[in-house]
Amino acid sequence: EQFLYDINPNVNIFWTSTAMNEYKHLGKHFSCLAQMSNHILGHRALDRKDYVAENAIAYGKNFKDRPQCFSHDQFFPETWLLYDKEDCENFFKILNSAEPEEEKKEKHILFMRKIASGAHRGEGVQPVDKTEEADLKKIYGNGKRCGDVKKNYIIQSYIHNPLLLNGHKFDFRVYLLVASTDPLIAYYHDGFLRVTLANYDASSTDKKVLLTNLALNKQI
């Protein structure tokens with residue numbers, strides 16, 4: 001996380017793997033005058049699971065008294081940030097209550113655990129089954145170590161009755177290239193549809209049933 005090289009002022013178009021505004025000042029050290037870069041300031045608020053979750057939680061709190069503006073049932077699954085002490089404690093209070101045990105009889109899977117950043121190809125997504133629940137309780141001392149454990153984990157309520165396509169879960173991968181923000185110029189491509197490898201079963205913890213990640217194809 002160090003900025004090792006200065007940008008030659010004669011270079012007017014440059015590409016980096018991550019945003020530079022965390023290390024250099026926009027308009028002072030880079031993207032000056034005619035220089036153009038490939039990252040829009042603040043884009044991480046939309047492309048990292050933890051930042052999206054943090055923003056959704058904050059938005060939900062702001063509109064708590066106006067459920068017509070925001071609803072976990074209709075817009076974004078209820079989410080707990082396990083690296084946040086209060087969120088973590090609230091999650092374990094729910095996990096240790098009687099209500100989840102009753103729900104499990106009907107839904108089997110109630111939560112999904114995700115690594116918030118730096119994990120790809122479905123590797124960081126894990127249904128919270130008995131084994132995962134026991135691991136979480138061990139790692140976080142059943143809630144007593146909340147605030148001390150710094151793992152970048154988030155927990156989301158699992159949607160057990162998703163819309164299906166021929167019996168499979170599915171999603172869309174679409175592409176939007178923002179060529180300019182001033183003036184706004186964007187190019188859209190329809191992309192493609194992804195489906196799970198196996199038919200959906202609400203009681204299954206098999207990732208081939210739950211996830212659409214293309215990397216799972218290599219396991220067959």
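This is a short tour of the model, stop by stop, with something to select at each one.

**Before you click.** You're looking at a predicted model, where local features need pLDDT of at least 70, side-chain atom pairs count only at pLDDT 80 or more, and totals for chains, interfaces and linings use all residues. Residues are numbered from 1 along each chain as its sequence is written, and side-chain values use heavy atoms, with hydrogens and water left out.

**Whole chain.** Show the cartoon: there are 6 helices and 8 strands, where helices (H or I, at least four residues) and strands (E, at least two) are DSSP runs numbered from the N terminus. The order along the sequence is β-β-α-α-β-α-α-β-β-α-β-β-β-α. The C-alpha trace spans about 65 × 45 × 40 Å along its principal axes. Of the 220 residues, 31% count as buried; buried means under 20% relative accessible area, exposed over 50%, partly exposed in between (1.4 Å probe, protein chains only).

**Helix H3.** Select residues 85–95 and pick out Asp87, Cys88, Phe91, Phe92 and Leu95, which are buried. Look down the axis: these buried residues fall within an arc of 130 degrees (taken from the directions from the helix axis to the C-beta atoms), so they line one face of H3. Turn to the face pointing away from that buried side and you'll find exposed Glu86 and Lys93. Now add the cover over the buried residues, which includes helix H2 (49–62), strand S4 (111–115) and helix H5 (130–139). At the N-terminal end, Asp84 is the cap, with a side-chain oxygen 3.3 Å from the backbone nitrogen of Glu86.

**Salt bridges.** Stay on H3 and select Glu89 and Lys85, whose side chains meet in a salt bridge at 2.6 Å, N to O. The term needs a side-chain nitrogen of Lys or Arg within 4 Å of a carboxyl oxygen of Asp or Glu. Glu89 and Lys85 are 4 residues apart, so about one helical turn separates them. Hop to H5 for Lys137 and Glu133, paired at 3.3 Å and also 4 residues apart. Here Lys137 is partly exposed at 26%, while Glu133 is buried at 9%. The whole structure has 6 salt bridges.

**Nonpolar patch.** Last stop: switch on the surface and select Ile40, Leu165, Phe172, Val174, Leu176, Val178, Leu184, Tyr188, Leu193 and Val195, which make a nonpolar patch of about 950 Å². Strands S7 (170–181) and S8 (184–195) are the elements giving two or more residues to this patch. Ile40 sits in the loop between strand S2 (36–37) and helix H1 (44–47). Patch members have over 30% relative accessible area and no salt bridge; like charges are joined within 9 Å, and nonpolar side chains (Val, Leu, Ile, Met, Phe, Trp, Tyr) within 5 Å.

Key
Contact = heavy atoms within 4.5 Å. Polar contact = N/O pair within 3.5 Å; in protein donor to acceptor, adjacent residues only side chain to side chain. Areas by Shrake-Rupley, 256 points an atom, 1.4 Å probe, with all protein chains shown as cover.
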